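Reader: I am new to this structure and should like to understand the terms applied to it. Would you explain how each description is reached?

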Amino acid sequence: MEKKIIVTIARQYGTGGLKVGKRLAEELGISCYDSEMFKLVSTNENMHSEKIAHNSKIEGTSLFSVAKEKYDSKPDTDLPAFGQDFLVMKNLYEYQSEVIKELANRESCVIVGRSANYILRDRDDVLSVFIHAPLDFRVRRASSVHHMTDKELEAYVKSMDERKADYYKYYTGMDWKDVTQYDLSLNSYKLGIQGCIDMIKKMIKVKEEL
């Protein structure tokens, strides 16, 4: 890539969107930051501990250095833990937003989740992607991870999507599944993981030529 590019990926549960993000980043030679990594740098307990700096997921990444800078600049901020209600988590969202914006300032990267498409909506170097797929396909993929009945799996997949939609609506006021929020909407059932990656890379080339 000649120009810096930040790819944000929002995805329905069970679409393989995280796998798309990680493999895309590998092929582009850039970092991929996902929700689990953001959780690691978003609690007081972790950021006060030296052990977090040596966690294999974030060791040596820009995510850790940026998060540490942002955290240390607000020593009096009491960051809430994940799992608490949205009202309590408001300052956590703002903290993560600052980290995401600074990551985008520093490097090309792939960011999966965290409403990154909305947070970075005013940047010209961002390609926002939404990955979706039919419910039955996503339930089948989830069955390889979760040992539940078909009915339980369907309810679980739907509940995960509802959580994503509620989170996005609360903090952005927008509909998470509204394709007008994104530059590219991809069906992973029809395209497959590699097909989604190839489409994103083609769109990156288009943006570089603009």
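Author: Certainly. The model is predicted. Let us begin with two tyrosines: Tyr93 is buried, and Tyr171 is buried as well.

Reader: What makes Tyr171 count as buried?

Author: Buried means under 20% relative accessible area. Tyr171 has a relative accessibility of 8%, so Tyr171 counts as buried.

Reader: Why are Tyr93 and Tyr171 called a stacked pair?

Author: Rings pair if their centres lie within 6.5 Å, and planes under 30 degrees apart count as stacked. For Tyr93 and Tyr171 the centres are 4.2 Å apart and the planes differ by 5°, so the pair is stacked. Tyr93 belongs to helix α5 (residues 90-106) and Tyr171 to helix α8 (residues 150-172), so this pair ties together parts that are 78 residues apart in sequence.

Reader: Why is the pair of Tyr170 and Tyr171 described as edge-to-face?

Author: Planes over 60 degrees apart count as edge-to-face. The planes of Tyr170 and Tyr171 stand at 85°, with ring centres 4.9 Å apart, so this pair is edge-to-face. Tyr93, Tyr167, Tyr170 and Tyr171 form one aromatic cluster, and a search of the whole structure finds nine aromatic pairs.

Reader: How do you know whether Tyr170 is buried, exposed or partly exposed?

Author: Under 20% is buried, over 50% is exposed, and partly exposed lies in between. The relative accessible area of Tyr170 is 36%, so Tyr170 is partly exposed.

Reader: What makes Arg121 a charge that sits over the ring of Tyr118?

Author: The CZ atom of Arg must be within 6 Å of the ring centre and within 35 degrees of the ring normal. The charged end of Arg121 is 3.8 Å from the centre of the Tyr118 ring and sits over that ring. Arg114 likewise lies over the face of Tyr167, at 5.0 Å from the ring centre.

Reader: How do you know that helix α9 is not straight?

Author: A straight helix of 22 residues would span 32 Å, but α9 (residues 188-209) spans only 26 Å between its end C-alpha atoms. A bend of about 75° is found in α9 at Gln194. The buried residues of α9, among them Ile193, Gly195 and Cys196, pack against β1 (6-11), α1 (17-28), β4 (126-132), α7 (135-142) and β5 (184-187).

Reader: What is found at the start of α9?

Author: A side-chain oxygen of Asn187 reaches to within 2.9 Å of the backbone nitrogen of Tyr189. Asn187 is in strand β5. With 15% relative accessibility against a limit of 20%, Asn187 counts as buried. Residues that Asn187 touches include His132, Pro134 and Cys196.

Reader: Why is the link between Gln181 and Tyr168 called a polar contact?

Author: A polar contact requires N or O atoms within 3.5 Å. The side chains of Gln181 and Tyr168 are joined at 3.2 Å, so the distance meets that limit. Gln181 lies in the loop between α8 and β5, and its relative accessible area of 18% makes Gln181 buried.

Reader: What makes Glu50 exposed?

Author: Exposed means over 50%. Glu50 has a relative accessible area of 61%, so Glu50 is exposed. Glu50 is placed in the loop between α3 (44-47) and α4 (62-72). A separation of 38 Å divides the C-alpha atoms of Glu50 and Tyr182, which are 132 residues apart along the chain.

Technical notes: Residues numbered from 1 in each chain as written. Predicted model: local features only at pLDDT ≥ 70, side-chain atom pairs only at ≥ 80, totals over all residues. Heavy atoms only, no water. Phe/Tyr/Trp six-rings, centres within 6.5 Å; stacked < 30°, edge-to-face > 60°. Helix = DSSP H or I, 4+ residues; strand = E, 2+ residues; numbered from the N terminus. Buried < 20%, exposed > 50% of the residue type's maximum accessible area, 1.4 Å probe, protein only. Expected span 1.5 Å × (residues − 1). Bend = angle between axes of the 7 residues up to and from the residue. Contact = heavy atoms within 4.5 Å. Polar contact = N/O pair within 3.5 Å; in protein donor to acceptor, adjacent residues only side chain to side chain. Lists of a residue's contacts leave out its neighbours within four places in sequence.
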